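Please report on the fold, packing and salt bridges of this protein model. Add where the prediction can be read in detail and where it cannot.

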Amino acid sequence: MLSFWTGLASNVIGITVLVYFVYFRRHFRRDLVLAYIALSMGIFAVTLLLSGSGAGMGLGLGLFGILSIIRLRSDTLTQEEVAYYFISLAIGLVNGLHPDPAWLAPSATAALVLVMFLADHPSFAPRTERQTVTLEKAYPKKPELQAALEELLDAKVLRTVVVELDMVRDLTIVDVRFRTNATSAAKSDSSFAHAGTFELANGQSTARNSSSQNGTKQDTWSR
């Protein structure tokens, strides 16, 4: 009985920390918060019942595997969100089994949450990005393609995977992984700040002009 309550508390605390304090603060997708919590608690409940019945655990895991495939195919998820999906599943499964000794399930849950916290930390490769780029020219040679992408993205191209090369329509679709330049990122941030200041100044001057015009009209009306 102690292992059951320990597993339940570990599952609730673990999925809460993972979803609210790790995932949502970084990815801001509210619908998946509900999905992750429901998945973890559902896995916990069904695993708990299957472990105490005559049904084999293989049957239960197979059913959840089928449901997981259907869920992942029903919506577009990023690879980061798929990782959180399977960690939520693992947390519910580990705590639903609540193996002896009682501290084993909480320790495994804490380890899973810690792994996701570190692996998905914003400070890890913050300037490394991935995009699918469509170019209005066919680039059959890789050096030319890489030079065009670096000029277009103002970044260092790390790897390119050509998705489509159409010589008839003069088109190239490429999956590119690149690292943005620190100088270009700083320039974009500063230009955004100057643009915001300029718009704010324009808004203030417009407000002053409108107020002065309103004051003139009011003086004219008073005469």
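The report below goes from the overall fold to cores, strands, salt bridges and confidence.

## Basis

This is a predicted model, in which local features need pLDDT of at least 70 and side-chain atom pairs count only at pLDDT 80 or more, while totals for chains, interfaces and linings use all residues. Residues are numbered from 1 along each chain as its sequence is written, and side-chain values use heavy atoms, with hydrogens and water left out.

## Overall fold

The protein has seven helices and three strands. Helices (H or I, at least four residues) and strands (E, at least two) are DSSP runs, numbered from the N terminus. Their order from the N terminus is α-α-α-α-α-β-α-β-β-α.

Of the 223 residues, 28% are buried. Buried means under 20% relative accessible area, exposed over 50%, and partly exposed in between (1.4 Å probe, protein chains only). The exposed surface comes to about 14600 Å², and carbon and sulfur atoms supply 63% of it. Areas follow the Shrake-Rupley method with a 1.4 Å probe; for residues, only the protein chains shown count as cover. A contact means heavy atoms within 4.5 Å. Among contacts with a separation of 6 or more, 64% join residues 24 or more positions apart.

## Two nonpolar cores

A nonpolar core is a set of buried Ala, Val, Leu, Ile, Met, Phe, Trp, Tyr and Cys residues joined through side-chain atoms within 4.5 Å. The largest one holds 20 residues. Leu18, Tyr23, Leu32, Tyr36 and Tyr84 have the most contacts inside it. Helices α1 (2-27), α2 (30-51), α4 (79-97) and α5 (104-119) are the elements that give two or more residues to this core. Another core, of 11 residues, lies apart from it and includes Val133, Leu135, Val157 and Phe178.

Tyr23 is worth a look in the first of these cores. Leaving out residues up to four places away in sequence, Tyr23 touches Leu18, Phe28, Arg29, Leu32, Val33, Tyr36, Glu81 and Tyr84.

## The strands

Two strands pair if DSSP finds at least two bridges between them. Strand β3 pairs with β1 in the antiparallel sense over eight bridges. Strand β2 (residues 155-166) also pairs with β3 in the antiparallel sense, over 10 bridges. Asp175 of β3 is the bridge partner of Thr132 and of Val161. Eight of the 10 residues of β3 are buried, so this strand is largely enclosed by the rest of the structure.

β2 and β3 form a hairpin with four residues between them. In the turn, Asp170 has a positive phi of about 55°.

Tyr139 sits in the loop between β1 and α6 (142-153). It is buried, with a relative accessible area of 15%. Beyond residues up to four places away, Tyr139 touches Glu144, Leu145, Ala148, Leu165 and Thr172. The C-alpha atoms of Tyr139 and Ile173 are separated by 9.6 Å, with their positions 34 residues apart along the chain.

## Salt bridges

Side chains of opposite charge can pair when their charged atoms come close. The structure holds seven salt bridges, each a side-chain nitrogen of Lys or Arg within 4 Å of a carboxyl oxygen of Asp or Glu. Asp175 and Arg130 form one, at 3.0 Å from N to O. This pair links distant parts of the chain: Asp175 in β3 (residues 171-180) and Arg130 in β1 (residues 128-135) are 45 residues apart. Asp175 is buried at 8% relative accessibility, whereas Arg130 is exposed at 54%.

Arg169 forms a salt bridge with Glu164 (2.9 Å, N to O) and another with Asp166, where the closest N and O atoms are 2.6 Å apart. Arg169 is exposed at 54%, Glu164 is partly exposed at 30%, and Asp166 is buried at 16%. Elsewhere, Arg29, Asp31 and Glu81 are linked in a network of salt bridges.

## Confidence

pLDDT is the predictor's confidence in each residue, from 0 to 100. The mean is 78, and 70% of the residues reach 70 or more. By element, α5 has the highest mean (94) and helix α7 (residues 182-222) the lowest (48).

The pLDDT is below 50 over residues 188-201, a stretch with zero contacts beyond near neighbours in sequence. Residues 215-223 also fall below 50, again with zero contacts beyond near neighbours in sequence. Where pLDDT is low, the predicted coordinates should not be read in detail.
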